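Dear colleague,

I am handing over the structure below, together with some notes on what turned up when I went through it. Please read them with the coordinates open beside you.

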Amino acid sequence: MTPEWPVELRHGAVLLRPLRRRDATAWRAVRAANASWLRPWEATSPEASGPPPTFGQMVRSFTREARAGRMLPFVVELDGRLVGQITVSGITWGSLRSAHVGYWVDQRVAGRGTIPYALALVGDHCFRALRLHRLEVNIRPENAASLRVAEKLGLRDEGLRERFLHIDGAWRDHRTFAITSDEVPEGLLSRYEALRARS
């Protein structure tokens, strides 16, 4: 199954939409303002490589992968302003029907529920529109803010994966959190809002 692309998902002030070439200035400004805050959590290559892709090359690559059904790369907007990204990657069809989700957000809006809402929107889209069965999020044990996102959404902690991903220049341990479609028949967004109402 190849997902329809482009797709926009919205809940209140949070909008998820495809990254566009005209986002270059805003995207670079947010990344530059958050460089030191994001660095400890950013994927790196274990091998020496050439210069990073240009912004235009990145957008074209993301679009191509999305149209091929291997990725769903979204910009996160809050109140009409670009504040981060959330990407469904490693989409596997067949008998697995699984994917993993990664994200980053502007420190200035961290803790305001933006990423939990974004992850809930993505989860519902993957489970309902794409009919995926399982999503996982891999988080460094030191990343308290991301661990809180998993907790807020009630994701299942599947334990530690040692030296799982190359992050910030070294192989780093990650905790894996997952959820399957049958765990949230009411939807991940509904679950999140119910958990918020009880807290």
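I begin with Asp124, which has a relative accessibility of 12% and therefore counts as buried, the cut-off being under 20%. Please keep in mind throughout that this is a predicted model. Asp124 belongs to helix α4, and, leaving aside residues up to four places away in sequence, Asp124 is in contact with Ala129, Gly187, Leu188 and Leu189.

Two of those partners lead on to helix α6, which spans residues 188-198 and whose buried residues are Leu188, Leu189, Arg191 and Tyr192. Viewed down the axis of α6, these buried residues fall within an arc of 160°, so they line one face of the helix. On the other side of α6, Ala197 and Arg198 are exposed. The cover over the buried residues of α6 includes strand β1 (9-11), helices α4 and α5 (144-153), and strand β8 (170-180).

As for the interior, the largest nonpolar core comprises 45 residues, and those with the most contacts inside it are Leu16, Phe74 and Ile86. Helix α4, covering residues 114-129, gives the most to this core, contributing nine residues. Apart from this core lies another one, of 13 residues, which includes Ala24, Trp27, Met58 and Leu82.

Ile86 itself, again not counting residues up to four places away in sequence, touches a list of residues that includes Leu16, Leu72, Pro73, Phe74 and Val76, as well as Val101, Gly102 and Tyr103, and also Ala118, Leu119 and Val122.

With best regards

Methods
Residues are numbered from 1 along each chain as its sequence is written. This is a predicted model: local features need pLDDT of at least 70, side-chain atom pairs count only at pLDDT 80 or more; totals for chains, interfaces and linings use all residues. Side-chain values use heavy atoms; hydrogens and water are left out. A nonpolar core is a set of buried Ala, Val, Leu, Ile, Met, Phe, Trp, Tyr and Cys residues joined through side-chain atoms within 4.5 Å. Buried means under 20% relative accessible area, exposed over 50%, partly exposed in between (1.4 Å probe, protein chains only). Helices (H or I, at least four residues) and strands (E, at least two) are DSSP runs, numbered from the N terminus. Contact means heavy atoms within 4.5 Å. The arc is that of the directions from the helix axis to the C-beta atoms.
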